[in-house]
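Visitor: Please choose one part of this model and take me through it closely, starting with enough of the overall picture to place it.

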Amino acid sequence: MAALAEVEGAQTAPASIAIHADSTGRRVPENYIGLSYELAQLTEPTFFSQEHTDRVSLFRCLSPNGLLRLGGNISEFCWLQIEAATPPPKLHAPSGVG
C-alpha cells in the first residue's frame with residue numbers, strides 16, 4: 001500500500017494527536033447488543049488473543065446480556081481448512097453477487 005504522500009494528487013499537512021492515558025474512554029451502554037465480526041476474521045490467529053487488550057476490554061464492557069457474534073455478511077463464503085490436502089467446498093454465490 002502506498003503512503004498517502006505517494007498517492008497521485010495527495011496533499012499533506014502537519015497534524016498532531018493527543019492521547020490521554022488517564023482517560024477511561026467511553027462506557028459501553030447497558031443496552032448495547034454486542035460485537036460482530038466477519039467469520040473470515042478467524043483466519044488471523046491473534047485477532048482474538050489476549051494481546052489485543054483494547055478488544056478484550058470491549059468484550060468485558062458488554063452487559064451480561066451482550067454477545068460476541070462471528071459470522072457477518074460473508075460467512076457463507078468462508079470455510080475452515082484443517083488439513084492442507086482438504087479441497088475447498090463448492091460455494092454457491094447468490095445471483096447478483098461476485
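Guide: The account below begins with the chain as a whole and then turns to helix 1 and the loops on either side. This is a predicted model, in which local features need a pLDDT of at least 70 and side-chain atom pairs count only at pLDDT 80 or more, while totals for chains, interfaces and linings use all residues. Residues are numbered from 1 along each chain as its sequence is written, and side-chain values use heavy atoms, with hydrogens and water left out.

The secondary structure of the protein chain amounts to one helix and two strands, where helices (H or I, at least four residues) and strands (E, at least two) are DSSP runs numbered from the N terminus. Along the sequence these elements follow the pattern β-α-β. Of the 98 residues in the protein chain, 11% are buried; here buried means under 20% relative accessible area, exposed means over 50%, and partly exposed lies in between, with a 1.4 Å probe and protein chains only. The chain exposes about 8800 Å², of which carbon and sulfur atoms supply 55%, the areas coming from the Shrake-Rupley method with a 1.4 Å probe and, for residues, only the protein chains shown counting as cover. Among contacts with a separation of 6 or more, residues 24 or more positions apart account for 55%, a contact being heavy atoms within 4.5 Å.

The loop between strand 1 (34-38) and helix 1 (53-61) holds S49 and also E51. S49 is buried at a relative accessible area of 16%, whereas E51 is exposed at 57%. Their side chains are nevertheless joined by a polar contact of 2.8 Å; such a contact is a pair of N or O atoms within 3.5 Å, where within protein one atom must be able to donate a hydrogen and the other to accept it, and residues adjacent in sequence count only if both atoms are side-chain atoms. The side chain of S49 also reaches the backbone oxygen of T46, again at 2.8 Å.

Within helix 1 itself, R55 and F59 repay a closer look. R55 is buried but has no salt bridge, and the nearest side chain of opposite charge, that of D54, is 5.2 Å away. A salt bridge would require a side-chain nitrogen of Lys or Arg within 4 Å of a carboxyl oxygen of Asp or Glu, and for charge Lys and Arg count as positive and Asp and Glu as negative, with His and the chain ends not counted. Neighbours within four places in sequence aside, R55 is in contact with Y37, F47 and F48. F59 is partly exposed, with a relative accessible area of 23%, and beyond the same sequence window F59 touches L35, Y37, F48 and L68. The C-alpha atoms of F59 and G34 lie 8.4 Å apart, although 25 residues separate them along the chain.

Two of those partners belong to the strands. Y37 sits in strand 1 and is buried, at 16% relative accessible area, while L68 sits in strand 2 (residues 67-71) and counts as partly exposed at 42%. The C-alpha atoms of Y37 and L68 are separated by 8.0 Å across 31 residues of chain. L68 also joins L42 and L70 in a nonpolar surface patch of about 250 Å²; patches are made of residues with over 30% relative accessible area and no salt bridge, like charges being joined within 9 Å and nonpolar side chains (Val, Leu, Ile, Met, Phe, Trp, Tyr) within 5 Å.

On the other side of the helix, L62 occupies the loop between helix 1 and strand 2 and is buried at 14% relative accessible area. Leaving out neighbours within four places in sequence, L62 is in contact with Y32, G34, L35 and L67. The C-alpha atoms of L62 and N31, 31 residues apart along the chain, are separated by 8.9 Å.
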